[in-house]
Amino acid sequence: MPSTTEIETAEGAVAPVARPAAPRRTHVARGLGVTAIAALALTACGGEDEGEGDVEAEPQVETELDLEVGEVELISEGTLTVCSDVPYPPFEYYDADGAVVGFDIDIAEGIAEVLDVELEVVQTSFEGIQSGVALNAASCDLAISGMTITEQRAGNMLFSEPYLDDNLGLLAASDAGIGSLEDIDDSITVGVQADTTGETYAEEQGYQIRSYPDSGLLIQGLESGQVEAAIGNISILGYQAGEHEGSEFVEEIDTGEQLGIAAQSDNQDLIDAVDEILAEMESGGFMAEAEDLWFGGGETPEEGDVDEEADDADDEVDDADDADDADDAADADADEDDD
């Protein structure tokens with residue numbers, strides 16, 4: 001069973017949270033240089049919630065890495081371009097100042113620093129990431145977005161050694177009366193994030209499901225009563241249980257999942273370099289510090305207010321529905337006049 005730690009949720013219950021897996025070393029050239037993970041300029045391109053343009057991000061974890069790797073092929077010289085599905089806290093999300101932060105972002109910044117290049121993060125849908133389309137279309141060098149390694153995905157991209165062990169978990173509304181998976185029947189609607197292993201599991205179990213494009217909307221769906229429960233990775237749901245009142249972590253689902261970083265199918269040199277950097281992060285204390293910060297109840301940056309646009313979108317839908325209703329009423333009146 002994958003190694004987990006625990007956090008205390010807002011309701012006082014204890015939720016298991018995934019812990020970093022120890023990567024295995026691979027044969028990559030190593031030098032004697034000492035690299036410190038320091039502040040980097042981060043470009044977030046095309047983020048729906050924050051608009052377009054550059055944003056600045058400071059790494060939340062600063063640990064020296066005694067490592068130097070050989071040259072690797074990148075789609076833009078001097079820049080490591082990373083695809084990530086934002087927001088997906090605590091892996092990647094916008095903080096209150098509009099900067100992109102998170103566990104994955106710290107890892108991405110560390111990799112870029114060791115490679116001695118700048119970091120650019122490209123906001124990408126998870127469908128484009130998990131299918132390999134974004135990578136193989138040369139939209140980015142690496143996909144770092146809390147992605148589970150699966151046989152199907154491995155057929156479309158190269159994966160690093162695992163950097164996190166992560167089971168699935170069940171989160172439920174506190175008043176839903178759900179004490180375990182056995183309480184889920186046809187009267188319960190389970191929320192999942194589209195194109196994830198949580199969605200696959202829920203479909204295989206025959207649950208009544210509602211899919212959301214990202215984890216933020218999934219949690220909003222649970223809070224608003226659209227669904228009574230949610231299934232997803234414990235690293236996400238355990239974090240959300242501690243951040244939001246009205247929901248509680250119910251059960252861990254032992255699926256043995258592991259998360260990995262992905263590269264284009266023909267860029268083995270880059271994945272070899274990533275494996276070596278991950279190994280150094282593990283042995284040098286970076287992973288332990290990142291785990292304590294992001295999964296151990298450390299003081300992480302607050303999430304930015306990205307609900308306003310979602311509310312605006314809901315209002316637009318409501319307005320459209322109202323307009324349709326008005327049109328239907330007008331048509332009905334016209335029909336009566338014709339009669």
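The second largest cavity here comes in at about 50 Å³. Keep in mind that this is a predicted model. Searching the whole structure turns up two cavities of 30 Å³ or more, and the largest cavity holds about 80 Å³ of space. Below is a quick tour of both cavities, the strand β17, and the nonpolar cores.

**The second largest cavity**

- Its lining is made up of Tyr88, Phe126, Gly146, Thr148, Arg153, Thr196, Thr197 and Asn233.
- Sorted by class, that lining splits into two nonpolar residues, five polar ones and one charged.

**The largest cavity**

- Tyr88, Thr196 and Asn233 are among the residues lining the largest cavity, and these three also appear in the lining of the second largest cavity.
- The rest of the wall is Gln193, Gly198, Ser215, Leu218, Ile231, Gly232, Ile236 and Leu237.
- Going by elements, α6 (215-224), β17 (229-233) and α7 (234-243) each give two or more residues to this lining.
- β17 has the largest share, with three residues.
- The class tally for the largest cavity is five nonpolar, six polar and no charged residues.

**Strand β17 and its partners**

- Five of the five residues of β17 are buried, so the strand is largely enclosed by the rest of the structure.
- β17 pairs with β14 (residues 168-173) in the antiparallel sense, over five bridges.
- If you want a spot to look at in that pairing, Leu171 has Ala230 of β17 as its bridge partner.
- β15 (residues 189-193) runs parallel to β17, and two bridges join them.
- Here Val190 is the residue that stands opposite Ala229 in β17.

**Nonpolar cores**

- The largest nonpolar core counts 60 residues, and the members touching the most others are Leu80, Phe103, Ile107, Ile111, Leu142 and Tyr163.
- Helix α1 (residues 103-115) is the top contributor to this core, giving eight residues.
- Take Ile107: once you set aside neighbours within four places in sequence, Ile107 is in contact with Tyr163, Ile261, Leu278, Met281, Phe286 and Met287.
- There's also a second, separate core of 15 residues, with Leu168, Leu170, Ala172 and Leu181 among its members.

Notes:
Residues are numbered from 1 along each chain as its sequence is written. This is a predicted model: local features need pLDDT of at least 70, side-chain atom pairs count only at pLDDT 80 or more; totals for chains, interfaces and linings use all residues. Side-chain values use heavy atoms; hydrogens and water are left out. On a 1 Å grid over the protein atoms alone, a cavity is a set of points where a 1.4 Å probe fits but cannot get out, and a pocket is an open set with protein on both sides within 12 Å along at least five of seven lines; lining residues have an atom within 4 Å of a point. Grid points are joined across faces, edges and corners, and a volume is the space filled by probe spheres set on the points. Helices (H or I, at least four residues) and strands (E, at least two) are DSSP runs, numbered from the N terminus. Ala, Val, Leu, Ile, Met, Phe, Trp, Tyr, Cys and Pro count as nonpolar, Asp, Glu, Lys and Arg as charged, and the others, Gly among them, as polar. Buried means under 20% relative accessible area, exposed over 50%, partly exposed in between (1.4 Å probe, protein chains only). Two strands pair if DSSP finds at least two bridges between them. A nonpolar core is a set of buried Ala, Val, Leu, Ile, Met, Phe, Trp, Tyr and Cys residues joined through side-chain atoms within 4.5 Å. Contact means heavy atoms within 4.5 Å.
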